[in-house]
Amino acid sequence: MPFIFTNREGGYSAPPFDSANLGDHVGDDPELVRRNRAQLETQIGIPIQFMNQVHGDTVVLVEEHVSAPTCDALITTSKQLALAVMVADCIPLLLKSEIAIAAVHVGRRGLMNQIARKTITAMREIGAEMIHSYIGPNICGNCYEVSPEIFNEVITKYPNADSSKRSGKLTLDLVAGLKEDLKDTVMLDLSSCVLEDSHTFSYRRDGITGRQGGVIWR
């Protein structure tokens, strides 16, 4: 299956972005980020389309490589283009059907505005039928502690996201919530906790840090 979830290892960036940082918006040396992205493109063998992620609900269809569009989900039907989502705690979600693929940035706000559902709907509108979903590494339900206001807002809409009983704190399991929106897909949960794993970037853990990615191609 042509997709990959990267980690922080094997790149060119210096601390605190060491070393395979894909984010060009975090203060890292732009040339080192370019080298990290180029290395990944060489590994995959085709150009990678990135996006300017803003925790919104915009879905963009791209059929050739363009300057990074401002959105939180990309769709393509092209076999000559890979799609990337960058994360450092949020969920990197990859979607695949026979005719289209998508890369989706699902943070708390993305979950609440149903960016995953909107992407699936957009894929179906261009003819996608059976859709496979791949959930990558993110901050887990034991570690994602939030304020009472945020906690109540999320669990009101996604009761399954309440992980407070197992953590003993006001924590959210965003993957559990996301799975509600992916019920009509064939799901593969490859998530692990980025905060607990020193091999991955975590904004919650480190503050100033890089971004790993989820990349999918046809």
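Both faces of strand S7 are covered in this predicted model: Ile101, Ala103 and His105 on one side, and Ala102, Val104 and Val106 on the other, are all buried. The strand spans residues 101–106, and 6 of its 6 residues are buried.

S7 has pairing partners that include S4 and S6. Strand S4, residues 73–76, pairs with S7 in the antiparallel sense over 4 bridges, and within this pairing Thr76 stands opposite Ile101. Strand S6, residues 91–96, also runs antiparallel to S7 and is joined to it by 6 bridges, with Val104 of S7 as the bridge partner of Leu93. S6 and S7 together form a hairpin, with 4 residues between the two strands. In general, the strands of a sheet pair through backbone hydrogen bonds, in either the parallel or the antiparallel sense.

S6 and S7 also help to cover a helix. Helix H6, residues 174–181, is largely enclosed by the rest of the structure, because 6 of its 8 residues are buried. The buried residues of H6 are Leu174, Val175, Ala176, Gly177, Leu178 and Asp181, and what covers them includes S6, S7, helix H2 (108–112), helix H3 (115–125), strand S8 (132–135) and strand S9 (186–189). At the N-terminal end of H6, Asp173 acts as a cap, with a side-chain oxygen that lies 3.2 Å from the backbone nitrogen of Val175.

Another part of the fold is an open sheet of 4 strands, which has the order S1-S10-S5-S2 and mixed pairing. S1 and strand S2 (48–49) stand at its edges and have a single partner strand each, so one side of each is left without a neighbour in the sheet. Within the sheet, strand S5 (residues 82–87) and strand S10 (residues 212–216) run antiparallel and are joined by 5 bridges, and Val87 has Gln212 of S10 as its bridge partner.

The loop between strand S1 (3–5) and helix H1 (30–44) holds Leu22, and Asn21 is found in that loop between S1 and H1 as well. Asn21 counts as buried because its relative accessibility is 0%, and a polar atom of its side chain lies 2.8 Å from the backbone nitrogen of Arg211. Beyond its neighbours within four places in sequence, Asn21 is in contact with Ser13, Val26, Asp28, Val33, Asn36, Phe201, Gly210 and Arg211.

Leu22 also counts as buried, since its relative accessibility is 4%. When residues up to four places away in sequence are not counted, the residues that Leu22 touches include Thr6, Val33, Asn36, Arg37, Leu40 and Phe50, together with Met86, Arg211, Gln212 and Gly213. The C-alpha atoms of Leu22 and Val85 are separated by 9.7 Å, although the two residues are 63 residues apart along the chain.

On the surface, Leu61, Ile99 and Ile126 make a nonpolar patch of about 220 Å². Leu61 lies in strand S3, residues 59–61, and counts as partly exposed because its relative accessibility of 48% falls between the 20% and 50% limits.

The accessibility values given above for single residues are set out here.

| Residue | Relative accessibility | Class |
|---|---|---|
| Asn21 | 0% | buried |
| Leu22 | 4% | buried |
| Leu61 | 48% | partly exposed |

Methods: Residues numbered from 1 in each chain as written. Predicted model: local features only at pLDDT ≥ 70, side-chain atom pairs only at ≥ 80, totals over all residues. Heavy atoms only, no water. Buried < 20%, exposed > 50% of the residue type's maximum accessible area, 1.4 Å probe, protein only. Contact = heavy atoms within 4.5 Å. Patch = residues over 30% accessible without salt bridge, like charges linked within 9 Å, V, L, I, M, F, W, Y side chains within 5 Å. Areas by Shrake-Rupley, 256 points an atom, 1.4 Å probe, with all protein chains shown as cover. Salt bridge = Lys/Arg side-chain N within 4 Å of Asp/Glu carboxyl O. Pairing = 2+ DSSP bridges. Polar contact = N/O pair within 3.5 Å; in protein donor to acceptor, adjacent residues only side chain to side chain.
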